[in-house]
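User: I'd like to go through this one a piece at a time. Can you help me read it?

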Amino acid sequence: MATCPPYPTRAHRHTHWWQRTWVRYGALIALLALSGLVILALVRQQTGTQGFLVGLGLAVLPVPLLLAAFRWLDRVDPGPWRNLLFCFAWGACAAALIAIVANSFATRWIATATADPAGADTWGATVIAPVVEESAKAAAVLLVFLFRRRDFTGIVDGVVVAGVTATGFAFTENILYLGTAFGTDQLTGDRGIASVTAATFFVRVVMSPFAHPLFTVLTGIGFGIAALSAGRHHLRRSLLPLAGLLLAMGMHALWNGSAAFGEYGFFAVYAAFMVPSFGLLTWLVIWTRQRELGTVRAELPAYVTAGWLTPAEPYALGSMRARRIARQYARRHAGKEGARAVARYEACATSVAFLRRRARRGRAGANFTVRERALLEALWHLRDVARPALDHAARATAPPPRPLPPWAHPYGGPHGVYAPWAAPTPYAPHPAPTRYAPYAPQAPYGPPSPYGPYAPPGPHRP
């Protein structure tokens with residue numbers, strides 16, 4: 001009797017050499033490496049070797065904090081490190097090179113055409129630089145959106161991708177500005193707090209390390225909302241990223257032009273516009289992350305009914321505190337490998353929840369069943385380490401049971417004696433594993449699979 005293959009097969013198709021994955025990756029790495037070498041030579045030429053080293057040492061200080069902040073925002077459904085590495089490298093190398101070359105060319109052209117170097121510098125800072133720099137940074141967000149669409153599912157992903165790209169760009173730009181300021185101090189003999197280097201460090205690293213990420217995050221939010229839009233809304237999916245890019249350019253132009261608003265124009269724009277915008281966007285991203293946790297808690301119970309998860313897991317996986325406790329528990333009892341296994345389990349369960357939400361909204365794609373099955377099987381292989389840890393985390397983070405009022409005591413005890421054990425708990429311990437699966441659960445969502453109903457893999461009755 002013929003049987004169907006476990007996964008759909010594709011007909012063999014001849015691919016040209018430039019369509020191969022390793023060729024594309026090699027070309028991208030070579031492009032970024034070449035851009036890095038060129039930008040390194042340009043910055044060193046403008047700052048000198050000593051200025052470059054000083055600028056590098058000072059510019060690197062905010063980078064770990066910014067990257068850690070964006071990674072923290074992405075803890076619910078963390079994207080692959082290779083995407084973040086590409087975004088940082090693009091911002092620090094390719095986008096910075098495009099900005100330096102284009103800004104210099106445009107400023108010189110304006111100065112030659114108008115015979116007004118001072119006016120050309122003002123135009124370059126307030127008009128040319130925002131357009132060029134934000135477009136160059138947005139290119140990285142666009143590439144991830146187009147070619148890593150599976151990892152780009154919402155607003156948080158757009159914020160993280162855009163923020164990491166802008167962090168790389170700001171890192172290179174800070175090297176240039178700080179190195180140039182150090183060279184100026186070397187010529188004038190200024191030292192200490194009164195030096196140009198100290199002033200530049202205070203403005204760019206202490207007061208506004210989030211400036212470039214804040215601008216580009218608006219572009220990322222536009223792409224994130226476009227990722228949430230239904231596939232048939234092509235106009236919306238095109239206009240939302242463009243609107244975000246225009247907002248990023250406008251905010252960048254306002255920030256660069258603040259010095260033209262008078263002696264205290266910079267501080268006025270900083271206090272009245274930049275800080276409130278930063279607070280509002282921070283609140284938006286955290287609120288979106290809480291909604292993602294709510295999605296996990298709402299979608300995973302279907303897989304509890306189907307037998308893939310235990311009743312305690314949706315509650316534990318929908319809480320960042322419970323996730324952290326589960327990893328710590330696994331590390332104590334199974335070492336670093338156990339903690340990594342729990343982290344992979346959490347990531348797969350979150351991906352299943354988001355995939356099911358997209359499927360309910362009609363955006364999962366034709367290969368929904370294959371992707372869902374692969375994620376569920378990954379969960380099943382990690383269950384021996386992850387389930388005890390998540391069960392412990394659910395118990396540790398469960399709210400205390402509400403005591404019964406005295407008049408409702410089940411055995412008529414004395415006044416004021418409660419029965420806390422009778423209160424409901426948000427989870428139920430999963431039963432001990434048995435040798436044979438007592439059920440054959442169906443697919444928890446979607447149309448019937450062409451391969452029939454499936455159960456969690458494992459030994460079955462003969």
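**Salt bridges, helices and a surface patch**

Analyst: Happy to. The structure holds nine salt bridges, and keep in mind that this is a predicted model.

User: What does the secondary structure of the protein come to?

Analyst: Read along the sequence, the pattern is α-α-α-α-α-α-α-α-α-α-α-α-α. No strand turns up in the count. The total is 13 helices and zero strands.

User: What share of the 462 residues is buried?

Analyst: Buried here means under 20% relative accessible area. Out of the 462 residues in the protein, the buried ones make up 44%.

User: Back to the salt bridges. How far apart are the closest N and O atoms of glutamate 134 and lysine 137?

Analyst: Both residues sit in helix H4, three residues apart, which is about one turn of the helix. Their side chains form a salt bridge, for which the cut-off is 4 Å. The closest N and O atoms are separated by 2.8 Å.

User: Is lysine 137 buried or exposed?

Analyst: Its partner glutamate 134 has a relative accessible area of 0%, so glutamate 134 is buried. Lysine 137 also comes out at 0% relative accessibility. Since the limit is under 20%, lysine 137 counts as buried.

User: Which residue does arginine 204 meet in a salt bridge?

Analyst: The N to O distance in this bridge is 2.5 Å, and the partner is glutamate 173. The pair links distant parts of the chain, with arginine 204 in helix H6 (residues 196-207) and the partner in helix H5, 31 residues apart. At a relative accessible area of 12%, that partner is buried. So the residue you want is glutamate 173.

User: Which residue pairs with glutamate 346 in a salt bridge?

Analyst: The two side chains meet at 2.9 Å, N to O. Both glutamate 346 and its partner are buried. That partner is arginine 327.

User: Which residues are linked in a network of salt bridges?

Analyst: One acidic residue and two arginines go together here. The network is made up of Glu299, Arg356 and Arg360.

User: How are H3 and H5 oriented to each other?

Analyst: Take helix H3 (residues 81-114) and helix H5 (residues 155-188): their axes come within 7 Å and cross at roughly 45°. The crossing is right-handed. An angle of 35 to 65 degrees falls outside the parallel and perpendicular ranges, so H3 and H5 are oblique.

User: At roughly what angle do H4 and H5 cross?

Analyst: The crossing of H4 and H5 is right-handed. Their axes come within 9 Å, and the angle is roughly 140°. That makes H4 oblique to H5, because roughly antiparallel would need over 145 degrees. The angle you asked for is roughly 140°.

User: How far is the C-alpha atom of alanine 129 from that of threonine 107?

Analyst: Alanine 129 lies in helix H4 (residues 117-147), and with a relative accessible area of 7% this alanine is buried. Threonine 107 is 22 residues away along the chain. The two C-alpha atoms are separated by 9.4 Å.

User: Why does leucine 242 count as partly exposed?

Analyst: Leucine 242 has its place in helix H8 (residues 234-256). Partly exposed covers the range between the buried limit of 20% and the exposed limit of 50%. Leucine 242 fits there because its relative accessibility is 43%.

User: What is the area of the nonpolar surface patch that includes Leu242?

Analyst: Leu242 shares this patch with Leu235, Leu239 and Leu246. Together these leucines make a nonpolar surface of about 410 Å².

Technical notes. Residues numbered from 1 in each chain as written. Predicted model: local features only at pLDDT ≥ 70, side-chain atom pairs only at ≥ 80, totals over all residues. Heavy atoms only, no water. Patch = residues over 30% accessible without salt bridge, like charges linked within 9 Å, V, L, I, M, F, W, Y side chains within 5 Å. Areas by Shrake-Rupley, 256 points an atom, 1.4 Å probe, with all protein chains shown as cover. Helix = DSSP H or I, 4+ residues; strand = E, 2+ residues; numbered from the N terminus. Buried < 20%, exposed > 50% of the residue type's maximum accessible area, 1.4 Å probe, protein only. Axes fitted to C-alpha atoms, helices over the stretch in contact; angles between N-to-C directions. Parallel < 35°, antiparallel > 145°, perpendicular 65-115°, else oblique. Left-handed = near helix turned anticlockwise from the far one by under 90°.
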